[in-house]
Amino acid sequence: MEFSIKSHSPEKAKTACAVVGVYEGKGLAPAAQALDLAAGGAIAALIKRGDLDGKAGSTLMLHQPAGLACERLLLVGLGSESQVSDKAFRDAVRAALKSVMASAATEATLWLDEIPVGDRGGDWKAEQIVLAAAELAYRFDRLKSEKPVPATALRKLVLSVERARVRAAEAGLARGRAIAAGVDLAKDLGNLPGNHCTPSHLADQAKDLAKGHGLKLQVLERKDMEKLGMGSLLSVAKGSDEPPKFIILRYQGAAKAHKPVVLVGKGITFDSGGISIKPAAEMDEMKYDMAGAASVLGTLRAVAELKLPINVVGLVPTCENMPSGRANKPGDIVTSMSGQTIEVLNTDAEGRLILCDALTYAERFEPAAVIDVATLTGACVIALGHVVSGLLANDDDLAHEVYRAGEAAGDRCWQLPLLDDYQEQLKSNFADMANIGGRAAGTITASAFLSRFAKKYKWAHLDIAGTAWKSGKDKGSTGRPVPLLVHFLAGRVKQAAG
């Protein structure tokens, strides 16, 4: 979809669809007021009759409105005029775009930059519009035999912005486009089935990403991981015929002396549970167990498109978790790259077994911070549902930084406690630790396990088990937490610039 920015008055704009805001309580936003004046009070009369209540996300489409240059006029509810929240603005934008996309309009002009949303600037509003449009336009149909019919005629969106705010809106458009491209990449990878998206396929995608965006790529093979002593990761991979890969992508946007942020993404391309096999129901959704890896690749794409002046390293340990005569057995003891031994009490707690070696590998970059992203625990879904991702960290300042990035991006997370007391649940009679700590506080004990391998740097963990994909009729990858990660990295750039 094409996006552009213009500065023009709504009553004179010749557009297929003009989109303006209406507040709850029958108040009109400035653009709606101008149109109402040109239309002889017709809009206010409609509102007064109760045709639109102004609640956030409510809409009313008018065709060939008298006295106006536009072919269609879409009124969208914004909620309370006294305070339009982030959520109300997003709901309004999404509802407006959904209504326009359902019409025959090929282009539309939005007068929504004028809406005050707390302390959010024009860049944020433009970004939200782009992301909403990209989400509504996204389709995954590459594996269907028949060519699909386009879901909408809409091809162009124009954001009408006052001249003084054009630069901010342009910055928001650029960030929104980059994030949307990263989210779409993450969605595409996540939605591919396990027989298509294998560890080798992820490595190929990383190769394409590196070639297209000037990144440095290294892919470690099984023999390389053996030399490094990645016994924990390889113990998961040995149950599958698919060869494991360890992908290292480097984006250098700043001087080499600047310490990088390292992003680690769990890349289990299919998780059967191994010998501790999962129930058959909904096991197909275990193709999404590489969503952390997909989000890291998507974030690197967005960062490269934005040309952020920061150094970022992406690490993707990737393999399948399958049952076979070679697979991990409950009670097996494996040795991690760190030298610590692990008793594998449950082979379905495999994500932490591949992540721990990646976290040890991250030490060689002397990172400014490390964030790992993983569909790690079902316990996180029970605790937080499908709204926010779980956040745990060994540094509170880093945790707050990640949290704020999620709030700005609309890709929220919530911090859980990571206290030393939880380490007691990981005790093993036969190894340095067990890979599970029982049912109680499952998300926290999984993070406590990972924290043992992240002692040499500031580290945060995002558990996206509840937010990486949707089930049911809307089944599909969400691309989260690409928006959060991009905002985090952009925030670091802004902080460094003072």
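Is Tyr288 buried or exposed, and what is its relative accessible area? In this predicted model, Tyr288 is buried, with a relative accessible area of 2%. The structure holds 6 aromatic pairs, and one of them joins Tyr288 to Trp469. The two rings are stacked, with 5.3 Å from centre to centre and 15 degrees between their planes. Tyr288 belongs to the loop between β10 (267–271) and α9 (291–306), whereas Trp469 sits in strand β19 (residues 469–470), so this pair ties together parts that are 181 residues apart in sequence. Trp469 also counts as buried, at 14% relative accessibility.

Other aromatic side chains are worth a look as well. Phe246, Tyr361 and Phe365 make up one aromatic cluster. A charged partner turns up at Tyr138, where Lys187 lies over the face of the ring, 4.7 Å from the ring centre.

Attention can now turn to strand β8. The strand spans residues 245–252, and 6 of its 8 residues are buried, so β8 is largely enclosed by the rest of the structure. β8 pairs with strand β7 (residues 216–220) through 5 bridges, and the two run antiparallel. Within this pairing, Leu217 stands opposite Leu249 of β8. Strand β11 (residues 311–321) is also a partner of β8, again in the antiparallel sense, over 8 bridges. Here Tyr251 is found opposite Val312 of β11. As a general point, side chains in a regular strand alternate between the two faces of the sheet.

A further sheet is built from 3 strands in the order β12-β13-β17; this sheet is open, and its pairing is mixed. Its edge strands are β12 (332–335) and β17 (433–434), each of which pairs on one side only. β12 and strand β13 (residues 341–344) are joined in the antiparallel sense by 4 bridges, and Ile333 has Glu343 in β13 as its bridge partner.

Among the helices, α2 (residues 42–49) offers a clear example of a two-sided arrangement. Ile43, Leu46 and Ile47 are buried in this helix. Viewed down the axis of α2, the buried residues fall within an arc of 95 degrees, so they line one face of the helix. Lys48 and Arg49, on the other side of α2, are exposed. The cover over the buried residues of α2 includes β2 (18–24), α1 (30–38), β3 (59–63) and β4 (72–80). Just after the helix comes Gly50, with a positive phi of about 95 degrees.

How many disulfides does the structure hold? The number is 0, and the sulfur distances of two cysteines illustrate the point. For Cys17, the closest cysteine sulfur is that of Cys70, at 7.5 Å, which is too far for a bond. For Cys197, the closest cysteine sulfur belongs to Cys319 and lies 13 Å away, again too far for a bond. A disulfide would need the two sulfur atoms within 2.5 Å. Both of these cysteines are buried: Cys17 has a relative accessible area of 0%, and Cys197 has one of 1%.

Finally, some backbone details deserve a friendly flag for anyone inspecting torsions. Most residues other than glycine have a negative phi, and most peptide bonds are trans. Against that background, the peptide bond from Arg480 to Pro481 is cis, with omega near 5 degrees. Pro481 is placed in the loop between β20 (476–477) and α14 (482–497).

Positive phi values occur at Glu282 and Ala441, neither of which is a glycine. For Glu282, phi is near 65 degrees. Glu282 lies in the loop between β10 and α9, and its relative accessible area of 54% makes it exposed. For Ala441, phi is about 55 degrees. Ala441 is located in the loop between β17 and α13 (442–451), and at 31% relative accessibility it counts as partly exposed. The loop between β10 and α9 thus holds both the exposed Glu282 and the buried Tyr288.

Conventions
Residues are numbered from 1 along each chain as its sequence is written. This is a predicted model: local features need pLDDT of at least 70, side-chain atom pairs count only at pLDDT 80 or more; totals for chains, interfaces and linings use all residues. Side-chain values use heavy atoms; hydrogens and water are left out. Buried means under 20% relative accessible area, exposed over 50%, partly exposed in between (1.4 Å probe, protein chains only). The arc is that of the directions from the helix axis to the C-beta atoms. Contact means heavy atoms within 4.5 Å. Two strands pair if DSSP finds at least two bridges between them. Rings of Phe, Tyr and Trp (its six-membered ring) pair if their centres lie within 6.5 Å; planes under 30 degrees apart count as stacked, over 60 as edge-to-face and the rest as tilted. A charge sits over a ring if NZ of Lys or CZ of Arg is within 6 Å of the ring centre and within 35 degrees of the ring normal.
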